[in-house]
Amino acid sequence: MSALLTSRDPRDGSVLAEYPIAGADEVTAAVERAASAARWWADQGFDGRREWLLDYKAAIARGADELAALISAETGKPREDALLEVMLAVEHLDWSARNAGKVLGRRSVPTGLLGSNQKATVGYRPYGVVGVIGPWNYPVFTPMGSIAYALAAGNAVVFKPSELTPGVGRWLAETFDALSPVAPVLQTITGDGATGAALCRAEIGKLAFTGSTATAKKVMATCAENLTPVVAECGGKDAMIVDADADLDAAARFAVFGGLGNAGQTCVGVERIYVHQLVAEDFTARLTELAARVRVGDSDADDYGPMTMPGQAEQVREQVDQALAAGARARLGGAGSVDGDRISPIVLTDVPADQPAVTEETFGPLIVVQQVRDMDEAVAAANSSRYGLGASVFTGDRRAGEALAERLEVGLVTVGSVLGFAAVAALPMGGVKDSGFGRIHGADGLREFATASSITVQRFDAPLDLLTLKRRARDMRLAVAALRLRHGRRK
Ligand code: NDP
C-alpha cells in the first residue's frame, strides 16, 4: 500500500483528508492508461473534443461553489478569491475548446517560387500524454492553463497537483470522469516531489511545469534523461511603474490588490513599485492608507487568509528583517507584522537594491516602494531583476504607458491595472529569464502542446528539376540567375 499524505486547512491546521503518495509504479501505470486514452481522445477530432471540453467547463461552472470551498479549505484563501480563480479557469477551458481547431487544424501555407509545384500544409499533432505539475497558490487556475490547452490540442493529461492541494486536483479529474468518457483522458495522481519526479521520468510526450525556478531546474534535469520537452512557468518579482502624471488613487488601489491579494502568494503579484520622485511621497501615503485597511484573518469576510505553505511566513520575515537592518524604512508594518502564519500588510521604502526583498521572490504581503528620478530609471530598475514574468504601468497618457510596456523585459504587461492579462484567454502567458519559457494560454498555449507536422504534395513536375543527382546544366544556370534576380538586391 502506498504511503499517505495529509491535506490540512491552513486556517486552523485541521486535517481535511488523506491521499496516496503515488510511487513510480503507480505513476507509470497512470501514464500507460493515459497513452491508450490519448488514442481515443485524438480520434475524437477537434469537434468531438470541443463538445467534451464544453461539457467539462459547464460541469466546473455548476460545481463552482463546491470547488471554491475546497480551494479555500486547502489554501486558506477567502471564498470570493477562490471563486475568481474558478471563473478564470472556466474562461480558459471555453476558449481553448472553441479555438483549438482554428489554431491547430491543418492549413495551407504559401510555397514560394522554389516550391511552386508543391501544395504545402501544416497541421499540429498532439504529443500523446502530457504531464502537468502544478503549484498550490492558484490550484485551479494555474494548472488549468496547461490542462485545458493540452486536452484541447488532443493530448491525455496526467496531473500531479501540489501536495498542499491534492483535493482540488482530484476534484478536477473526478469531474471530468463523471461526464463518463470511455477513457481516462484526465487523471490526477497525488503525491510529493518524488511523485512529480516519477512523472518527469515516465513515458510522457511533454511536461508542463508551474512552480518555483529552483524546482523547474530539477524538473528539467529529470526530463532531460528522456529528452522530454518542458514548458516552465516559474516565479516572478513583478514591478509596477508609476509615472508623475498617473492616477495615484488607481495605482494605489491596484497595488493593494496585486501586492496583497492572496497574501501576496501570486506569481504575477506586485512585489516592487518604482514611482516618480515627484509623486513618491503622495503615492506612498495613499498606498499605506489603503493597505492599513486590509484585514487578515480566517473568515470569508477577511481580505486574505494565512500563508498556505508552512514556513513561508519565516521567509517573508527574514527578507523584512534584513531590509530593515540594511537601512530600509518601514512605512507600514514590519517584522512584527508576522504572527505565526498570518502576516499583516508590510510596505517598505528606501530598500537597498541588492536586498533579497528587492531581488528575490517574496511570495508574501510585502510591497517595496522605490523612488526613481524618471521613467528611464524605472524601466532600468524593473529590468534589472533576474526574473521577467509580469509588470504593470501607470501613466497619465495611455500611449506613453504602452511605450513603457514595450521596454519591459517580461512576458506580460498590463497598463492601467494589474493582472489584466489573466482574464484574456487569447493572450499567451509566460515569462523570460528565470521566470521560465514557453507559453500557456492563447494560440501559443495551444501550439505548446502540439508538434508541427509539415506536408508537401507534389502537384506537377518542377519546371527546374533540381532534386536529382543528374541536374541539367540549363536548369542550374536558370536557378542561379533566378537566385541573383530575386535575392541579389536588397529591394
Ligand atoms: P514548487 O516549485 O515548490 O512546487 C511546484 C510543483 O512541483 C509541486 O507540485 C511540487 O510538488 C512539485 N515538485 C517538487 N519537487 C519536484 C521534483 N523534484 N520533481 C518534480 N516535481 C517536483 O512551487 P510551489 O508549489 O511552492 O508554488 C509556488 C511557486 O510557483 C512560486 O515560485 C510561484 O511564483 C510559482 N508560480 C508560477 C506561476 C506562473 O504562471 N509563472 C503561477 C503560479 C505559481 P509538492 O508540492 O508535492 O512538493
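Which residue lies over the face of Tyr138, and at what distance from the ring centre? I looked this up first in the predicted model and found Lys77, at 4.0 Å from the ring centre of Tyr138. I took a charge to sit over a ring if NZ of Lys or CZ of Arg is within 6 Å of the ring centre and within 35 degrees of the ring normal. I also noted Arg49, whose charged end sits over the ring of Phe46 at 5.0 Å from its centre.

On conventions, I record that residues are numbered from 1 along each chain as its sequence is written. For this predicted model, local features need pLDDT of at least 70 and side-chain atom pairs pLDDT 80 or more, while totals for chains, interfaces and linings use all residues, and side-chain values use heavy atoms, without hydrogens and water.

I then turned to ring pairs of Phe, Tyr and Trp (its six-membered ring), with centres within 6.5 Å; planes under 30 degrees apart are stacked, over 60 edge-to-face, the rest tilted. I obtained seven aromatic pairs by this rule. Trp40 and Trp52 are edge-to-face, because their centres are 5.7 Å apart and their planes stand at 65°. I located Trp40 in helix H1 (residues 24-43) and Trp52 in helix H2 (residues 45-62), so this pair ties together parts 12 residues apart in sequence. Helices are DSSP runs (H or I, at least four residues), numbered from the N terminus.

I next looked up Trp41 and Phe176, an edge-to-face pair at 6.0 Å centre to centre and 75° between the planes. Phe176 lies in helix H6 (residues 166-177) and Trp41 in H1, so the parts tied together are 135 residues apart in sequence. Both Trp41 and Phe176 are buried (under 20% relative accessible area; exposed is over 50%, partly exposed in between, with a 1.4 Å probe and protein chains only).

Methods:
Helix = DSSP H or I, 4+ residues; strand = E, 2+ residues; numbered from the N terminus.
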